[in-house]
Amino acid sequence: DGCGHTILGPESGTLASINYPQTSPNSTVCEWEIRVKPGQRIQLKFGDFDIDDSDSCHSSYLRVHNGIGPTRTEIGKYCGFGFQMDGLITSKSNEVTVQFMSGMHTSGRGFLAAYSTTDKSDLITCLENASHFSEPEFNKYCPAGCVIPFADISGTIPHGYRDSSSLCMAGIHAGVVSNTLGGQINVVISKGIPYYEGSLANNVTSKVGPLSPSLFTFKTSGCYGTLGMESGVIPDSQITASSILEWSDQTGQVNIWKPENARLKRAGPPWAAFISDEHQWLQIDLNKEKRITGIITTGSTLAEYYYYVSAYRILYSDDAQKWMVYREPGMDKDKIFQGNTELYQEVRNNFIPPIIARFFRINPLKWHQKIAMKVELLGCQFSIARAPKITMPPPAPPPRNKNDDRSDDSSDDSVKTSLQTDKTTFTPEIKNTTVTPSVTKDVALAAVLVPVLVMVFTTLILILVCAWHWRNRKKKTEGTYDLPYWDRAGWWKGMKQFLPTKSAEHEETPVRYSSNEISHLRPREVPAMLQTESAEYAQPLVGGIVSTLHQRSTFKPEEGKEASYADLDPYNSPIQEVYHAYAEPLPVTGPEYATPIVMDMSSHPSTPLGLPSISTFKAAGNQAPPVVGTYNKLLSRTDSTSSAQAQYDTPKGQPGPAAADELLYQVPQSLPHSTGSKDE
């Protein structure tokens with residue numbers, strides 16, 4: 001009655017006293033008999049040893065023997081609080097007996113030990129964690145039975161596990177080693193992360209963990225990719241089930257929870273069986289043999305339907321006719337996998353060794369309310385591992401016939417399981433299994449064609465890029481707005497053909513300016529207003545009083561009289577009036593220059609007598625635009641008829657003086673001071 005946690009595997013195992021790590025009860029005893037394969041020896045390692053030694057190991061102790069039964073011989077007798085045993089205890093044969101006696105005591109945790117065959121020189125116990133090792137990378141051997149209730153782990157794959165986690169228990173959670181078999185782990189230490197997630201995998205619950213200085217991960221073969229349920233690589237036609245739940249809700253809508261709904265992380269309902277019993281199954285056809293290393297399941301994922309499967313078996317087949325139930329090596333019972341504990345959480349289970357099969361079945365054994373689930377398979381392509389099967393002794397089909405009838409001879413099943421284990425472990429070092437035997441002949445051809453095609457496409461792309469750059473450079477050398485083929489010195493002559501001409505109808509068409517628009521503008525906005533509107537006359541000069549007025553000018557002198565215009569000087573200069581003159585457009589067949597502008601500037605105080613004056617603006621209304629010039633004062637013109645320096649005809653079609661905004665201008669009849677000018 002003194003036996004605690006115990007797992008005795010074929011090559012390794014774990015044993016502990018009752019109630020460990022709490023104080024063991026008084027007057028208890030336990031004896032373990034350990035056997036391994038003949039020809040091998042056993043080594044024993046203690047992870048913790050705390051046995052009362054108050055009576056010098058008389059009533060409380062741990063004794064180790066070589067052999068089993070009455071012929072056994074004692075190797076050693078041990079006791080003590082916090083006893084540290086250096087090295088390993090090694091047997092002389094393949095059998096060992098371990099005996100624990102607990103007498104009257106008040107304290108003492110008891111012990112926890114691990115064993116393995118002597119060829120596992122790097123054996124550790126289930127209590128070891130990453131912080132016990134200083135190497136950044138190391139290999140250790142984990143014994144079987146490291147799923148212990150008194151050890152904790154934090155983290156998950158692929159992010160890593162907190163450094164305080166049990167190495168072997170984390171290896172089981174990650175699917176690297178089996179709790180039943182134990183195995184080798186390759187550990188890599190790296191910098192810690194602020195937060196460690198928790199999850200349920202392989203019957204091990206990982207807890208959420210806080211920041212730690214370091215974490216560890218495991219090196220694996222890499223055969224843990226998804227096989228196509230979630231992504232849709234496996235089509236709907238290859239997912240079948242024993243039955244389908246079909247029902248109508250309160251609104252009368254028919255709901256069908258079909259097998260193709262059993263895709264992990266897909267929105268919507270799951271697959272559900274019409275009848276909930278142990279004969280239901282969900283089947284997945286992988287189209288060819290695959291190496292299946294794990295499975296992930298969830299419940300219905302619908303809050304209003306709290307359905308999930310809590311335990312299930314796995315069956316597999318090559319032809320969908322003869323089915324095998326998955327069993328761990330050396331076991332004569334079907335392996336029952338732990339499923340979900342609620343409808344949302346993803347639960348992972350790994351197959352060690354992996355399953356090699358085309359058809360895969362899930363047989364629910366326990367469920368909550370109804371059988372409903374979503375699934376994803378983990379694994380990789382399977383190519384070479386089964387090739388040696390051809391050279392094996394001729395198979396005997398009748399003895400290998402096997403279905404899932406539990407009444408069949410168990411010895412036949414054990415043989416089949418052993419053969420399956422050999423098949424999946426022929427070449428464990430192979431990592432690249434993406435090429436199947438059916439396409440191996442095309443590998444050499446593909447290795448030649450792929451580089452050639454890459455080079456051809458690269459060359460074409462380079463040619464297109466060079467051509468595009470050459471075309472752009474050619475355009476840039478000409479310029480978008482350049483005139484490469486014109487006479488740049490006389491470009492105005494070339495542009496004259498695009499300008500409007502003064503035709504007969506243009507002479508008769510009046511130019512009208514709205515005094516209302518001009519009056520509402522501020523002084524500095526008038527020039528912009530006049531410039532932006534399309535007019536028959538050219539842009540105004542900006543030079544003020546031009547000194548070369550006796551030369552040929554491009555502006556037309558004013559005709560007739562107009563109402564005065566007042567302009568506010570922005571620099572508070574005296575308000576004066578100014579003449580406004582506008583140029584006529586150049587005719588196509590006419591002279592190159594327009595009629596010069598000749599005005600009398602003798603009345604201006606700052607202008608020498610005899611010098612004609614000119615203004616570059618002409619507008620209707622009561623307010624004149626500002627004139628930018630070389631003088632500070634603006635030239636002005638009165639509205640009176642006292643100035644006789646320039647006389648103009650009255651506008652056509654009007655008997656007398658016309659309104660300012662409806663003036664039609666004609667050519668001047670007479671121009672005083674016309675020296676140096678030319679009448680048109």
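User: What makes a contact between two side chains a salt bridge?

Analyst: A salt bridge is a side-chain nitrogen of Lys or Arg within 4 Å of a carboxyl oxygen of Asp or Glu. This is a predicted model, in which local features need pLDDT of at least 70, side-chain atom pairs count only at pLDDT 80 or more, and totals for chains, interfaces and linings use all residues. Residues are numbered from 1 along each chain as its sequence is written, and side-chain values use heavy atoms, with hydrogens and water left out.

User: Why is the contact of lysine 219 with glutamate 137 called a salt bridge?

Analyst: The closest N and O atoms of lysine 219 and glutamate 137 are 2.8 Å apart, and the limit is 4 Å, so the pair qualifies. Lysine 219 lies in the loop between strand E16 (214-218) and strand E17 (225-226), whereas glutamate 137 belongs to strand E10 (residues 137-142), so the salt bridge ties together parts 82 residues apart in sequence. Strands here (E, at least two residues) and helices (H or I, at least four) are DSSP runs, numbered from the N terminus.

User: Why does lysine 219 count as partly exposed?

Analyst: Buried means under 20% relative accessible area, exposed over 50%, and partly exposed in between (1.4 Å probe, protein chains only). Lysine 219 has 46% relative accessibility, so the residue is partly exposed.

User: Is glutamate 328, which forms a salt bridge with lysine 335, buried or exposed?

Analyst: Glutamate 328 has a relative accessibility of 10% and therefore counts as buried. Lysine 335 has a relative accessible area of 24%, so this partner is partly exposed. Their closest N and O atoms are 3.6 Å apart.

User: How do you know that cysteine 223 and cysteine 380 form a disulfide?

Analyst: A disulfide is a pair of cysteine sulfur atoms within 2.5 Å. The sulfur atoms of cysteine 223 and cysteine 380 are 1.9 Å apart, so the pair meets this rule. The torsion about their S-S bond is about -95°, so the disulfide is left-handed. Cysteine 223 lies in the loop between E16 and E17 and cysteine 380 in strand E27 (residues 372-381), so the link joins parts 157 residues apart in sequence.

User: What makes cysteine 30 buried?

Analyst: The relative accessibility of cysteine 30 is 3%, so this residue counts as buried. Cysteine 3, its disulfide partner, has a relative accessible area of 38% and is therefore partly exposed.

User: How many disulfides does a search of the whole structure find?

Analyst: The search finds 5 disulfides.
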